[in-house]
Amino acid sequence: MVRQPTSRSSSGAWQWQRTAQTQRALLDAAREIFTEQGFAEASIADVVERAGSSVGSLYHHFGGKSELYVALWQEHQQAHEEAASKAVAAARQSGMSDATELFCAGTRAFLEGSWQRRDLAMLFFAGDGPPGFEVMKRRRSGEWIGQNDALLRLPDTALDRLYAAILTNLIGEGAREVAMAKTRRQANQIIDAVIEYARRLMDAGVWKAAAEQADADGEAAPGEAGSGDGGSGDAAPAEVPPARAADPADAAQVAG
């Protein structure tokens, strides 16, 4: 995790800019080195040489190689979340309120990010991370499933949790395939396929049964606009990545 400056003096603005530039250089260099060599084979010396920095600076800003790797992952996840949230917000502003279409808008944005940052996506899928990283990923995946379950307003039963997990993992596996695609055209085909599979899942099974039951009870169907997000209008129903606060979300993230 990036370490923030603890104080600001009269020259604090300049120092903050210099700190941000150093952190950015180290992150960019780490991205190149990790994706070229893998985490285990990469050395701190290689990272700081590529960044034009120093070992002391790396430890000061990040704490070590493992923390630098995790910071890259967190940045990747945040990019997923922001893209999905913006896509859903734009869809809502255009007048779209159907839960399935909102879900698919967020999912498509997430999967697009897996193509745009496919080097990072494959790095984090490779299983060659620091100790404890796979546990972090599993914990985050559990959060995604819980958020999708809540956003769809499904009852807390084993079958409903399974349904939310299937949707979430579908997008996660889709993200992996998108990142592995050889061409943009192939990536687009995979994205379209994931969206189609998600639509089929949401048009049948638990989702359809829950919606029909809600209609019979005279209530709003699960996941309709405004439900599950406190009426904020910019939270994404069943977006894949986890939200930092009220934003429900990597896709797909799944993933990372």
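What follows is a conversation between a trainee and a mentor about reading helix packing, burial and ring pairs in a predicted model.

Trainee: Where do I start? How many helices and strands are in the chain?

Mentor: Start with the inventory. The chain has 10 helices and 0 strands. Read along the sequence, the pattern is α-α-α-α-α-α-α-α-α-α. Keep in mind that this is a predicted model.

Trainee: And what share of the 256 residues in the chain is buried?

Mentor: Buried residues account for 47% of the 256 residues.

Trainee: OK, now helix packing. What describes two packed helices?

Mentor: The general idea is that you give the angle between the two axes and the distance between those axes. Now take a case here: α5, residues 99–116, and α9, residues 184–202, have axes that come within 10 Å and cross at roughly 155°.

Trainee: How are α5 and α9 oriented to each other, roughly parallel or roughly antiparallel?

Mentor: An angle over 145 degrees counts as roughly antiparallel, and therefore α5 and α9 get that label. As for handedness, α5 passes α9 in a right-handed crossing.

Trainee: Which residues make the contact between α5 and α9?

Mentor: On the α5 side, you'll find A99, T100, E101, F103, C104, T107, R108, L111, E112 and W115. From α9 come R184, A187, N188, I191, D192, V194, I195, A198, R199 and M202. Sort that contact by class and you get 11 nonpolar, 3 polar and 6 charged residues.

Trainee: Let me zoom in on F103. Is F103 buried or exposed?

Mentor: F103 sits in helix α5, and its relative accessibility is 1%, so F103 counts as buried. Try a distance along the chain versus a distance in space, too: F103 and M202 are 99 residues apart along the chain, yet their C-alpha atoms are separated by 9.6 Å.

Trainee: Is there another residue I can practise on?

Mentor: Try A20, which is in helix α1. Its relative accessibility is 35%, so A20 counts as partly exposed. A20 and H61 are 41 residues apart in sequence, and C-alpha to C-alpha they are 9.7 Å apart in space.

Trainee: Back to helices. At what angle do α6 and α8 pack?

Mentor: α6 covers residues 118–125 and α8 covers residues 158–180; they pack at about 125°, with their axes 9 Å apart. That angle makes α6 oblique to α8. The crossing is left-handed, as α6 passes α8.

Trainee: Which residues of α6 and α8 meet?

Mentor: R118, A121, M122 and F125 of α6 meet G172, A175, R176, A179 and M180 of α8. That contact divides into 6 nonpolar, 1 polar and 2 charged residues.

Trainee: What about α4 and α6, how do their axes cross?

Mentor: The axes of α4 and α6 come within 11 Å and cross at roughly 125°, which makes α4 oblique to α6. This crossing is left-handed. The residues that meet are Y69, L72, W73 and H76 in α4 and L120, A121, L123 and F124 in α6. By class, the contact of α4 with α6 has 7 nonpolar, 1 polar and no charged residues.

Trainee: A121 turned up twice there, didn't it?

Mentor: Good eye. A121 of α6 appears in the contact with α8, and A121 is also listed in the contact with α4.

Trainee: Last topic, aromatic rings. How many aromatic pairs are in the whole structure?

Mentor: A search of the whole structure turns up 7 aromatic pairs. To read one, look at the distance between ring centres and the angle between ring planes; for F39 and Y69 the centres are 5.1 Å apart and the planes are at 70°, so the pair is edge-to-face. F39 lies in the loop between α1 (12–37) and α2 (44–51), while Y69 belongs to α4 (residues 65–93); the two are 30 residues apart, so to speak, linking distant parts of the chain.

Trainee: Are F39 and Y69 buried or exposed?

Mentor: F39 and Y69 are both buried. And there's a wider network: ring pairs link F34, F39, Y69, W73, F124 and F133 into a cluster. Y69, W73 and F124 also appear in the contact of α4 with α6.

Note on methods: Residues are numbered from 1 along each chain as its sequence is written. This is a predicted model: local features need pLDDT of at least 70, side-chain atom pairs count only at pLDDT 80 or more; totals for chains, interfaces and linings use all residues. Side-chain values use heavy atoms; hydrogens and water are left out. Axes are lines fitted to C-alpha atoms, for helices over the stretch in contact, and angles run from 0 to 180 degrees between N-to-C directions. Helices (H or I, at least four residues) and strands (E, at least two) are DSSP runs, numbered from the N terminus. Angles under 35 degrees count as roughly parallel, over 145 as roughly antiparallel, 65 to 115 as roughly perpendicular and the rest as oblique. A crossing is left-handed if the near helix is turned anticlockwise from the far one by less than a right angle, and right-handed if clockwise. Contact means heavy atoms within 4.5 Å. Ala, Val, Leu, Ile, Met, Phe, Trp, Tyr, Cys and Pro count as nonpolar, Asp, Glu, Lys and Arg as charged, and the others, Gly among them, as polar. Buried means under 20% relative accessible area, exposed over 50%, partly exposed in between (1.4 Å probe, protein chains only). Rings of Phe, Tyr and Trp (its six-membered ring) pair if their centres lie within 6.5 Å; planes under 30 degrees apart count as stacked, over 60 as edge-to-face and the rest as tilted.
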